[in-house]
Amino acid sequence: MTKMEHENLQIGPEIYGELLQGCVYERALYTGQQIHARILKHGDFFSRNDYIATKLVVFYAKCDVLDAANSLFFRLRVKNVFSWAAIIGLNCRMGSCEEAIMGFVEMQENGVSPDNFVVPNVLKACGALGWIGFGRVVHGYVMKVGFDGCVFVASSLIDMYGKCGVLDEARKVFDGMIVRNAVAWNSMTVGYVQNGLNEGAIGVFYDMRVEGVELTRISVTSLLSASANLDALEEGKQGHAVAVISGMELDNVLGSSIINFYSKVGLIAEAELVFSRMIEKDIVTWNLLISCYVRNGQIHKALNMCHLMRSELLKFDCVTLASILAAAADTRYIKLGKEAHCYCIRNNLDCDVVVASSILDMYANCRRIDDARRIFNSISHKDIVMWNTILAAYADLGLSGETLRLFYQMQLEGISPNVISWNSVILGFLRNGRVNEAKDMLTQMQSSGVQPNIVTWTTLITGLSQKGYGDEAILFFQKMQEAGIKPGAPSITSALSACTDLVSKHHQNFIYENAIYEIAFTEPESLPGIINHLLKDVDLLP
DNA sequence: GTGCGAGTAC
C-alpha cells in the first residue's frame with residue numbers, strides 16, 4: 001500500500017476493504033489501525049464510503065475494541081447484515097447478552113434479516129441468560145427462513161435448549177439433524193451433563209464413537225465430567241485413555257477435567273501425575289488439586305499446594321477459599337478457619353454466596369454456633385444453601401425449636417425449603433428426642449410435595465434406632481424400600497443395630513441371634529433382603 | 001459463526 005502511494009497509484013475502496021479483511025483474519029489490530037489512519041487522511045471520500053465504514057466496524061468488532069466498533073457502527077448510514085452481525089457478535093463475546101438480543105430485534109425492525117451467522121450468537125446469548133422464551137422465538141425464525149439445515153444454527157439451538165434446561169427440545173433438534181458434526185454431538189453431550197443426566201451424556205459419547213465421529217477435547221472433557229459426577233471409574237479412565245491415544249493436547253481445560261475425575265474417584269496419585277505433566281496451569285487446575293486433597297482428608301498437602309500456588313504468583317479466589325474453609329470445617333481447625341475468614345474479608349471474597357456458606361459451616365462445625373449465627377444474620381441475600389447450612393448447624397446440636405423457627409423464617413423470606421431443609425428439621429427433632437415431631441415432619445414434607453431422599457430415610461432409621469425405637473426404625477427401613485430407594489451402608493447399619501437392640505431388649509429366641517450371626521458374614525448387597533426377612537418376625541414381637 | 005474444566009447445605 002505504501003509503495004502504491006509513493007507511486008501515486010490510485011487506491012480504491014476495494015483495496016482498503018481487502019486490507020482490513022486481512023487484518024480481521026490475522027486479528028492484526030495495530031496494522032488495521034494504521035490502515036484506518038490512512039483512510040482518514042484521505043478525508044471524507046473514503047471514510048464516508050459505506051463499504052469501507054462497514055469493514056471498519058467489522059474489523060474493530062472482531063478485535064474486541066468495543067468503543068471504536070460501537071461509535072463507528074452508530075455513525076453508519078447504512079447498517080447491513082454484516083455490521084449488525086459484527087456488533088451482535090461483539091456484545092455476545094463481551095458478555096452483554098441483552099445487548100446482543102436487542103441487536104437481533106433492532107436489526108429486524110430496521111428491515112435487515114438476520115442471517116445464519118447472526119443466529120448462533122443470538123442463541124448463545126439466550127442460553128447464557130436462560131431466556132428460553134426468546135430462544136423459542138429465534139427457533140421459530142430459524143424454521144421460517146429455513147436455517148434449520150445449517151449445522152452452526154442447529155448446534156447452537158441444541159446448546160441453547162440445553163443451557164435453558166429443556167433437554168427434550170435439544171434432543172429433538174439433534175435427532176432432526178441430517179448432518180451432525182462434532183460440535184452438534186458435543187453440545188448434546190454437554191447438555192446432558194449440565195442437566196444432571198450423566199448416564200445420558202455417557203450414552204451420547206458412546207453413540208458418537210459408534211457413529212465414527214471424531215472425538216474432540218470437548219467430547220472427552222464432557223465424558224470426564226459425567227464420569228466424575230457418577231463416580232464412574234471405568235468410563236472416566238476410558239476418557240483419559242482416548243485423550244492419550246488420540247494425542248490430544250493436555251490443555252488447561254482437558255487437564256483439569258482429568259484431575260477432577262481422578263479426584264472424585266479418589267485416585268489421588270493419578271490426579272497428581274496429570275497435574276505434574278501439565279505445562280500450563282491456571283487457577284482452576286490448582287484449585288482442583290487443592291480440593292482433591294481436602295476431599296481426601298490430606299489437609300497438609302492442600303495447604304502446601306496453597307503455598308506453592310502463591311509462589312507461582314497466583315492469587316486465591318473464591319473456590320480456593322471454599323476449599324480451605326471446608327478443610328477447616330472437616331478437621332475443626334478453628335485457627336485455620338479464622339485465618340481463611342480474615343483472608344476473605346481482606347480480599348472481598350466473603351460476599352460470594354458459596355464462600356459465605358462455607359464460613360458459616362466452618363464456624364458451626366468448629367462448635368461456634370454464635371459466630372455462625374452472627375454472620376448469617378449479617379447477610380442480606382440468603383440463598384437456599386445458606387439457609388440449609390444454618391438449619392443443619394442447629395439441627396446437629398439438637399436445637400429443634402430454633403431449627404423450626406428458622407425453617408418458618410426462610411419461608412417468610414420467600415425461600416421454599418427443599419429436601420435438605422426438611423431433612424435438617426427432622427434431624428433436629430430426632431437429636432432432641434422428639435420422635436413424634438420428626439415423624440410428623442416427614443408427613444408434612446410429603447404433603448408439601450417434597451419427596452424424601454435416601455438421607456431422609458437414613459436420618460429417620462438411624463435416629464429412631466438410636467433413641468430406642470428399633471421396631472419403628474425397621475418399619476422405616478421397609479418404607480424406604482417401598483418408596484423405591486435402595487438402602488445404603490448407613491441405613492443398613494442402623495437397621496441391623498435396631499435388630500440387635502430388639503433381640504437383647506426382648507431376650508428373644510434364636511431367630512435373631514442366628515440371623516445377626518449370619519449377617520456378620522454376609523455380602524452387603526444381600527443385607528436388605530435379610531433384614532426384610534427379619535421384619536416378619538419383628539411383627540411377632542410383643 | 002456453534003461445543004469444554006473448579007468450590008457450599010442433609
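Where is V355 found? In this predicted model, V355 is found in helix 23, and this residue makes a convenient entry point to the chain. With a relative accessible area of 0%, V355 is buried. Leaving aside residues up to four places away in sequence, V355 touches C318, L325, C344, L349 and D350. A look towards a later part of the chain gives a sense of distance: V355 and T493 are 138 residues apart in sequence, and their C-alpha atoms are 34 Å apart in space.

It helps to step back to the whole of chain A. Its secondary structure comes to 33 helices and zero strands. The radius of gyration of chain A is 30 Å, well over the 24 Å that the globule rule gives for 542 residues, so the chain is more spread out than a compact globule. Along the principal axes, the C-alpha trace spans about 115 × 55 × 50 Å. Buried residues account for 47% of the 542 residues. As for contacts between residues at least 6 apart in sequence, 59% of them join residues at least 24 apart.

The surface and the charges can be described briefly. Chain A has an accessible surface of about 27,300 Å², and carbon and sulfur atoms contribute 55% of it. Its side chains include 46 positive and 57 negative ones, and the centres of these two sets lie 5 Å apart.

Towards the start of the chain, P13 offers a look at how helix 2 is placed. P13 lies in this helix, which covers residues 13-26, and is buried, with a relative accessible area of 16%; the cut-off for buried is under 20%. Beyond its neighbours within four places in sequence, P13 is in contact with F46, N49, Y51 and I52. For one of these partners, I52, the separation from P13 is 39 residues in sequence and 6.4 Å in space, C-alpha to C-alpha.

The aromatic residues come next. A pair of aromatic rings is described by the distance of the centres and the angle of the planes. The structure holds 15 aromatic pairs. In one of them, the ring centres of Y141 and F147 are 6.4 Å apart and the planes meet at 70°, so this pair is edge-to-face. Y141 and F147 are both buried. Another pair, F261 and Y262, is tilted, with 5.0 Å from centre to centre and 55° between the planes. Here too, both F261 and Y262 are buried. Y141 and F147 also belong to a wider arrangement, in which ring pairs link F104, F134, Y141 and F147 into a cluster.

Another aromatic residue, F152, has a contrasting setting. F152 is found in helix 11, which covers residues 151-163. Is F152 buried or exposed? At 59% relative accessibility, F152 counts as exposed, the cut-off being over 50%. Between F152 and V183, 31 residues apart along the chain, the C-alpha atoms are separated by 8.4 Å.

The loops on either side of helix 23 bring the account back to the region of V355. Most residues other than glycine have a negative phi, and most peptide bonds are trans. N348, a residue other than glycine, nevertheless has a positive phi, near 60°. Its place is in the loop between helix 22 (334-346) and helix 23 (353-365). With a relative accessible area of 56%, N348 is exposed. R367 likewise has a positive phi, near 65°, and is also a residue other than glycine. R367 is found in the loop between helix 23 and helix 24 (369-378).

A final residue to visit is A393, which is found in helix 25, residues 384-396. A393 is buried, with a relative accessible area of 8%. Not counting residues up to four places away in sequence, A393 touches A364 and I369. Of these, A364 falls within the range of helix 23 (353-365), while I369 falls within that of helix 24 (369-378). A393 and D361 are 32 residues apart in sequence, with 7.4 Å between their C-alpha atoms.

Terms used
Residues are numbered from 1 along each chain as its sequence is written. Chains are lettered from A and ligands numbered from 1 in the order in which they are written. This is a predicted model: local features need pLDDT of at least 70, side-chain atom pairs count only at pLDDT 80 or more; totals for chains, interfaces and linings use all residues. Side-chain values use heavy atoms; hydrogens and water are left out. Helices (H or I, at least four residues) and strands (E, at least two) are DSSP runs, numbered from the N terminus. The radius of gyration is taken over C-alpha atoms; the globule rule is 2.2 Å times the number of residues to the power 0.38. Buried means under 20% relative accessible area, exposed over 50%, partly exposed in between (1.4 Å probe, protein chains only). Contact means heavy atoms within 4.5 Å. Accessible areas come from the Shrake-Rupley method with a 1.4 Å probe; for residues, only the protein chains shown count as cover. Lys and Arg count as positive and Asp and Glu as negative; His and the chain ends are not counted. The place of a charge is taken as NZ of Lys, CZ of Arg, CG of Asp or CD of Glu. Rings of Phe, Tyr and Trp (its six-membered ring) pair if their centres lie within 6.5 Å; planes under 30 degrees apart count as stacked, over 60 as edge-to-face and the rest as tilted.
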